[in-house]
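Me: Could you take a close look at one part of this for me, and talk me through how it fits together? I'd like one connected answer, with the numbers where they matter.

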Amino acid sequence: MQLLDPNGPAGMGGIIKDYPFIAEVVNFSGEKLMRGGPLPQLECEYIAMQMSAANGCEYCYGSHFATFDKLAGEAFVEAIAWERRNIFDLVVGSVKERKPVEDYILNKAETIGMSKDEVMHALSVAGAFCFYNAMVTGVGGRRASSNEFELIGTLLSTRGYMVDGSNIS
């Protein structure tokens, strides 16, 4: 038995296409977390990319790298101020280690003008990607091609996370 159609979309695309009852949860939570909170989508994509790299999820890393690239354009490296990237990286590290976000991180975030809501949003995106990464690596399936990552990046950066099986293959 295989959990995903070997001829269908890779990774989360295959999960969404083959399991509509999961798609509803993933789409809604993805849209709200990545495009509906106090952090802009660009910063959420950065957190998703970093958490996916920390968790070793090649599919999610590639998808969110491509989306970040589409959103950042020519300003890829400068797209997020280094101080904010540093906070996001520390939050990702806390989640990866299953430890609370320590006071020094919160104080540093406050010093650079980040709100509690922004830190909580970053923590929520990182935590959600532990779930998404575990699901994608757990189903196995085929690897996505670079062309597929480009398509995913375009889709997520322009249309968002409310996708169905018909627009991911």
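Reply: One cut-off to start with: two cysteine sulfur atoms have to lie within 2.5 Å of each other to count as a disulfide. Bear in mind too that this is a predicted model.

With that cut-off, the whole structure comes out with zero disulfides. The pair to check is Cys-57 and Cys-60: the sulfur of Cys-57 has its closest cysteine sulfur in Cys-60, 3.5 Å away, and that is too far for a bond. Seen from the other side, Cys-60 is in no disulfide either, with the sulfur of Cys-57 as its nearest, at 3.5 Å. Neither residue is out in the open: Cys-57 is buried at a relative accessible area of 2%, and Cys-60 is buried as well, at 4%.

The part I'd zoom in on is the packing around helix H3, and the rings are a good way in. There are seven aromatic pairs in total. One of them is Tyr-19 with Phe-21, an edge-to-face pair with 6.1 Å between the centres and 90° between the planes. Tyr-19 is partly exposed there, at 24% relative accessible area, while Phe-21 is exposed at 62%. Then there's Tyr-46 with Phe-68, which is tilted, with centres 6.1 Å apart and planes at 55°. That pair links distant parts of the chain, since Tyr-46 belongs to helix H3 (residues 41-55), Phe-68 belongs to helix H4 (residues 58-72), and the two are 22 residues apart. Why call Tyr-46 buried? Its relative accessible area is 8%, and buried means under 20%. Phe-68 passes that test too, at 3%. Add Phe-88 and you get a cluster, with ring pairs linking Tyr-46, Phe-68 and Phe-88.

Staying on H3, Leu-42 also lies in this helix and is buried at 17% relative accessible area. Leaving out residues up to four places away in sequence, Leu-42 touches Phe-68, Leu-71, Ala-72, Ala-79 and Ile-80. So Phe-68 turns up again, with Leu-42 as well as with the ring of Tyr-46. For a sense of scale, Leu-42 and Gly-13 are 29 residues apart in sequence and 21 Å apart in space, C-alpha to C-alpha.

Now for the helices themselves. Two packed helices are described by the angle between their axes and the distance between the axes. For H3 and helix H5 (residues 82-96), the axes come within 10 Å and cross at roughly 40°. That makes H3 oblique to H5, and the crossing is right-handed. On the H3 side, the residues in contact are Glu-43, Tyr-46, Ile-47, Gln-50, Met-51, Ala-54 and Asn-55. Their partners in H5 are Arg-84, Arg-85, Phe-88, Asp-89, Val-92, Val-95 and Lys-96. Tyr-46 and Phe-88 are both on that list, and both are in the ring cluster too.

H5 then meets H7 (residues 116-139). The axes of H5 and H7 come within 9 Å and cross at roughly 45°, and these two helices are oblique to each other. This crossing is right-handed as well. Here H5 puts in Arg-84, Phe-88, Val-91, Val-92 and Val-95, and H7 answers with Glu-118, Ala-122, Leu-123, Ala-126, Gly-127 and Cys-130. Phe-88 is worth a look on screen: it meets H3, meets H7 and belongs to the ring cluster. Arg-84, Val-92 and Val-95 are also listed in the contacts with H3 and in those with H7.

A few spots away from that packing are worth a click. In H7, Gly-138 is exposed at 55% relative accessible area, and its C-alpha is 9.7 Å from that of Gly-11, 127 residues away along the chain. In the loop between H5 and helix H6 (103-111), you'll find Arg-98. Its phi is near 55°, a positive value in a residue other than glycine, and Arg-98 is exposed at 64%. Last one: Asn-27 sits in helix H2 (residues 20-35) and is buried at 7%. Not counting residues up to four places away in sequence, Asn-27 touches Ile-16, Tyr-161, Met-162 and Val-163.

Technical notes: Residues numbered from 1 in each chain as written. Predicted model: local features only at pLDDT ≥ 70, side-chain atom pairs only at ≥ 80, totals over all residues. Heavy atoms only, no water. Buried < 20%, exposed > 50% of the residue type's maximum accessible area, 1.4 Å probe, protein only. Phe/Tyr/Trp six-rings, centres within 6.5 Å; stacked < 30°, edge-to-face > 60°. Helix = DSSP H or I, 4+ residues; strand = E, 2+ residues; numbered from the N terminus. Axes fitted to C-alpha atoms, helices over the stretch in contact; angles between N-to-C directions. Parallel < 35°, antiparallel > 145°, perpendicular 65-115°, else oblique. Left-handed = near helix turned anticlockwise from the far one by under 90°. Contact = heavy atoms within 4.5 Å.
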